[in-house]
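Reader: I am new to this structure. Could you walk me through the reasoning behind its labels?

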Amino acid sequence: MTLDLFEPPAREALSEAAWLLRGFALPHVDALLAAIADVARAAPFRQMQTPGGFTMSVALTNCGALGWTTDRRGYRYASADPQTGQPWPPMPAVFTRLARDAAKAAGFPGFAPDACLVNRYAPGARLSLHQDRDERDYGAPIVSVSLGMDATFLWGGHARGDRALRVPLVHGDVVVWGGADRLRYHGVLPLKDRPHALLGAQRLNLTLRKAG
Ligand code: MD3
Ligand code: FE
């Protein structure tokens with residue numbers, strides 16, 4: 001029998017339907033990075049324009065049947081990459097499996113994502129407080145996978161002005177959000193310039209969703 005007195009908890013509650021699974025992605029890092037490189041070869045990372053005319057500090061790409069995009073006309077999910085007119089690259093099997101297993105561990109069995117947004121942060125990049133409301137059905141959870149540099153995640157309330165909790169996210173962490181917490185405001189503070197041993201001066205974040 002293993003002595004498990006010092007095992008970290010398998011899951012940590014951020015609130016009633018949001019779960020932090022520390023290190024859940026660590027066994028899959030090599031496969032995830034190889035799959036992200038494949039996706040980025042077919043659909044390169046790019047900084048998109050917001051409807052308000054700003055350029056996002058985060059660069060992004062997508063895979064799966066649907067991909068999240070933004071331009072002067074608004075935010076939406078689309079089946080084709082606006083830069084190439086081609087369908088987004090297929091969802092790698094390691095993404096689908098990790099998302100399903102993490103959702104199950106957080107109490108959402110049967111999660112089958114059809115969209116994966118891949119965000120890439122350089123030092124200084126940030127994501128201001130927002131809600132994710134471009135998906136068709138808020139009944140499905142969202143699974144988020146953090147790789148590379150540390151980040152401080154902002155976990156707010158149901159109104160933009162609600163006080164936000166600061167949650168440190170590190171390489172390999174997975175968070176699952178659903179139910180009553182699905183429409184909470186959230187964001188990411190500007191990243192510090194503290195290169196990661198494996199990934200260097202970048203943070204990658206996967207968000208796996210049922211968008212359509
Ligand atoms: C809480 N990305 O792409 S993932 C996003 O680290 C986004 O790149 C962040 O927010 C990142 O939209 C954070 C965590 C996340 C994703 C979806 C949520 C938190 C959420 C939906 C509802 C509540
Ligand atoms: Fe978001």
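Reader: Which strands each supply at least two residues of the lining of the largest pocket?
Author: This is a predicted model. In it, β5 (74-78), β6 (115-121), β7 (127-130), β8 (142-148), β9 (151-155), β12 (186-188) and β13 (203-209) each do so. The volume of this pocket is about 880 Å³. Leu127, Ser128, His130, Asp132 and His186 are the closest to its centre among 41 lining residues.

Reader: What makes a residue part of the lining of the second largest pocket?
Author: An atom within 4 Å of a pocket point. Residues that line this pocket include Asp150, Pro168 and Arg194. Its volume is about 190 Å³. Both β9 and β10 (165-169) supply at least two lining residues.

Reader: How do you know that β8 and β13 pair?
Author: Pairing needs at least two bridges. β8 and β13 are joined by 6 and run antiparallel, so they count as a pair. One example is Ser146, whose bridge partner is Asn205 in β13.

Reader: Why are β1 (12-15) and β3 (59-64) said to stand at the edges?
Author: The open sheet has 7 strands, in the order β1-β2-β11-β8-β13-β6-β3. β1 and β3 each have a single partner strand, so one side of each has no neighbour in the sheet.

Reader: Which strands does helix α1 touch?
Author: Helix α1 (residues 29-42) touches β3, β6, β8 and β13. Its direction makes about 95 degrees with that of β8. Helix α2 (residues 93-105) runs at about 115 degrees to β8.

Methods:
Residues are numbered from 1 along each chain as its sequence is written. Chains are lettered from A and ligands numbered from 1 in the order in which they are written. This is a predicted model: local features need pLDDT of at least 70, side-chain atom pairs count only at pLDDT 80 or more; totals for chains, interfaces and linings use all residues. Side-chain values use heavy atoms; hydrogens and water are left out. On a 1 Å grid over the protein atoms alone, a cavity is a set of points where a 1.4 Å probe fits but cannot get out, and a pocket is an open set with protein on both sides within 12 Å along at least five of seven lines; lining residues have an atom within 4 Å of a point. Grid points are joined across faces, edges and corners, and a volume is the space filled by probe spheres set on the points. Helices (H or I, at least four residues) and strands (E, at least two) are DSSP runs, numbered from the N terminus. Contact means heavy atoms within 4.5 Å. Axes are lines fitted to C-alpha atoms, for helices over the stretch in contact, and angles run from 0 to 180 degrees between N-to-C directions.
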